[in-house]
Amino acid sequence: MYRVKEAFYTLQGEGAHQGRPAVFCRFSKCNLWTGREKDRAGAVCNFCDTDFIGVDGQNGGKFATAEELADHILAFWPPEQDNRFVVCTGGEPLLQLDEPLIEAFHARGFEVAVETNGTLPAPAGIDWLCVSPKGRAEVVITECDELKLVYPQPEAPPERFSDIRAGRHYLSPMANPLVREGNDEQKRRNTQLAMEYCMRHPKWRLSVQLHKILGID
Ligand SMILES: C[S@@+](CC[C@H](N)C(=O)[O-])C[C@H]1O[C@@H](n2cnc3c(N)ncnc32)[C@H](O)[C@@H]1O
Ligand SMILES: Nc1nc2[nH]cc(C(=O)O)c2c(=O)[nH]1
Ligand code: SF4
Ligand SMILES: [Mg+2]
């Protein structure tokens with residue numbers, strides 16, 4: 001059984017695929033926060049900008065099989081169009097994403113991208129793996145397509161991740177988690193700090209949350 005909070009067709013707003021049309025499949029639940037505000041301060045990840053509790057979001061639900069969930073996702077792609085791209089996120093998608101679901105996406109012509117906190121092993125077959133480390137949580141994934149670090153995090157400075165082999169390195173300015181769109185004051189400050197870090201350490205590039213600027217999902 002797969003539990004999905006919401007699913008929607010939009011543009012990837014972050015990282016190397018920024019601007020690319022994609023269906024987002026947001027899985028319920030995370031291993032680093034309950035998702036309840038009362039637990040935020042004590043959580044390993046305490047700045048999450050996302051509601052991932054339950055299955056009650058747009059196009060959310062419970063899916064008994066990989067085939068059913070993959071068909072549900074395919075229904076959001078424009079008819080007859082190729083370049084199919086699904087972004088599995090959450091919550092923490094690696095609590096649920098498995099090889100049968102990846103195979104079911106591939107069978108429908110999708111490239112499969114994943115946004116993960118990196119604390120759980122990844123199943124085989126993922127086409128684009130984005131690891132975004134959180135606080136003091138140990139990262140177990142050693143290789144990824146992009147390392148996209150929310151910045152600044154006192155417990156997770158960029159230097160801590162020099163052992164991870166990544167094709168791209170991004171800093172993503174931390175937004176105020178309670179402001180779910182636009183550019184809040186906290187984000188403007190953090191964007192300045194991230195820009196300065198990138199310019200001092202040019203291995204890193206800036207990633208902005210384009211969807212929040214555009215006001216889309
Ligand atoms: C909600 S998370 C879900 C996927 C996975 N659990 C993870 O943390 O990567 C999706 C993306 O949003 C980023 N994110 C979450 N809260 C944020 C915030 N307050 N500011 C900027 N990015 C944030 C995460 O780092 C991750 O790249
Ligand atoms: N447009 C858009 N791009 C995104 N990139 C990563 C997101 C996420 O929440 O994982 C996200 C999201 O929620 N919306
Ligand atoms: S940002 Fe990712 S790891 Fe952190 S609480 Fe949200 S879903 Fe979990
Ligand atoms: Mg998001």
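**Exercise 1. Find the annotated binding site in this predicted model, and work out whether its residues cluster in space.**

Step 1: Start with the record. The unreviewed UniProt entry has a "binding site" annotation that covers Leu-11, Gln-12, Gly-13, Arg-26 and Thr-89.

Step 2: Now check the spread. Along the sequence these residues span 79 residues, yet in space they cluster, with a largest C-alpha distance of 14.4 Å.

**Exercise 2. Take Gly-13: where does it lie, and is it buried or exposed?**

Step 1: Look at the strands on either side. β1 covers 2–11 and β2 covers 21–27, and Gly-13 lies in the loop between them.

Step 2: Count the neighbours. Gly-13 has 22 other C-beta atoms within 10 Å. The cut-off for buried is 20 or more, so Gly-13 is buried.

Step 3: Skip residues up to four places away in sequence, and Gly-13 touches Gln-18, Gln-209, Leu-210 and His-211.

**Exercise 3. Do the same for Thr-89: which strand holds it, and why does it count as buried?**

Step 1: Thr-89 belongs to strand β4, which runs over residues 85–89.

Step 2: Thr-89 counts as buried because it has 22 C-beta neighbours inside 10 Å.

Step 3: Leave out neighbours within four places in sequence, and the contacts of Thr-89 are Phe-24, Arg-26 and Glu-115. Arg-26 is also covered by the "binding site" annotation in the UniProt entry.

**Exercise 4. Which residues surround ligand 2, and how do they divide by type?**

Step 1: List the shell. Around ligand 2 you'll find Thr-10, Leu-11, Gln-12, Gly-13, Glu-14, Phe-24, Thr-50, Thr-89, Glu-115, His-211 and Asp-217.

Step 2: Sort them. The shell holds two nonpolar, six polar and three charged residues.

Definitions and conventions:
Residues numbered from 1 in each chain as written. Chains lettered and ligands numbered in written order. Predicted model: local features only at pLDDT ≥ 70, side-chain atom pairs only at ≥ 80, totals over all residues. UniProt positions renumbered as here; feature names shortened; annotations may be inferred. Helix = DSSP H or I, 4+ residues; strand = E, 2+ residues; numbered from the N terminus. Buried ≥ 20, exposed ≤ 12 C-beta atoms within 10 Å, placed from the backbone. Contact = placed C-beta atoms within 7 Å. Near = placed C-beta within 6 Å. Nonpolar A, V, L, I, M, F, W, Y, C, P; charged D, E, K, R; others polar.
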